[in-house]
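Okay, thanks everyone, let's get going. I'll put the structure up, and then we'll walk through it together.

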Amino acid sequence: MFDKTIFKKPNNNVVKATMNEFRGQIYIHLREYQMDGDTGHWFPTKNGYAFIAEEIDSAMKNLGDKRIGIEGYEASKWVVQDYGDV
């Protein structure tokens, strides 16, 4: 559904954000990837996290931030949650 490199680490690994749907839930994954020097392919490392989209909203509420908008959730292809100035 979604796969984007969001930053490169000093060790040349990259962190990718991906999103997929499973059993009606939208999952957001942040995972570190390492390149295989022989093949040039990127492979996921053990370093990473997966969140259900609602968990991010819950965590932000616990931090005292209130979501002021959400878009794309119903389409299950992308999600933008607006918290104003964080």
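So, let me start with arginine 23: its relative accessibility is 75%, so it counts as exposed, given that the cut-off for that label is over 50%. Keep in mind that what you're looking at is a predicted model. Where does arginine 23 lie? You'll find arginine 23 in the loop between E2 and E3. Its backbone is worth a look too: phi of arginine 23 is near 50°, a positive value in a residue other than glycine. As a reminder, most residues other than glycine have a negative phi.

There's another one like that on my list. Asparagine 12 has phi near 75°, again positive and again not a glycine. This asparagine 12 belongs to the loop between strand E1, residues 2–8, and E2. Asparagine 12 is partly exposed, because its relative accessible area is 49% and the exposed label needs over 50%.

Okay, on to the strands. Lysine 16 is in strand E2, which runs over residues 14–22. Buried or exposed, what would you say for lysine 16? Lysine 16 is buried, since its relative accessible area is 15% and the cut-off is under 20%. And what does the charged end of lysine 16 sit over? That would be the ring of tyrosine 33, with 4.9 Å to the ring centre. Leaving out residues up to four places away in sequence, lysine 16 touches Asp3, Lys4, Thr5, Ile6, His29, Leu30, Arg31 and Tyr33.

Two names from that contact list come back on the surface, namely Ile6 and Leu30. Together with Phe7, Ile6 and Leu30 form a nonpolar patch there, and the accessible area of the three together is about 250 Å². Leucine 30 itself lies in strand E3, residues 25–35. With 30% relative accessibility, leucine 30 counts as partly exposed.

Staying with side chains for a second: how many aromatic pairs does the count come to? The count comes to one aromatic pair.

Now let me zoom out. The protein chain has one helix and six strands, and along the sequence the pattern reads β-β-β-β-α-β-β. Of the 86 residues in the protein chain, 23% are buried. The chain exposes about 6,500 Å², with carbon and sulfur atoms supplying 52% of that. For the contact people: among contacts with a separation of 6 or more, 23% are between residues 24 or more positions apart.

That's my tour, happy to rotate the view for anyone.

Terms used
Residues numbered from 1 in each chain as written. Predicted model: local features only at pLDDT ≥ 70, side-chain atom pairs only at ≥ 80, totals over all residues. Heavy atoms only, no water. Patch = residues over 30% accessible without salt bridge, like charges linked within 9 Å, V, L, I, M, F, W, Y side chains within 5 Å. Areas by Shrake-Rupley, 256 points an atom, 1.4 Å probe, with all protein chains shown as cover. Salt bridge = Lys/Arg side-chain N within 4 Å of Asp/Glu carboxyl O. Helix = DSSP H or I, 4+ residues; strand = E, 2+ residues; numbered from the N terminus. Buried < 20%, exposed > 50% of the residue type's maximum accessible area, 1.4 Å probe, protein only. Phe/Tyr/Trp six-rings, centres within 6.5 Å; stacked < 30°, edge-to-face > 60°. Lys NZ or Arg CZ within 6 Å of the ring centre and 35° of its normal. Contact = heavy atoms within 4.5 Å.
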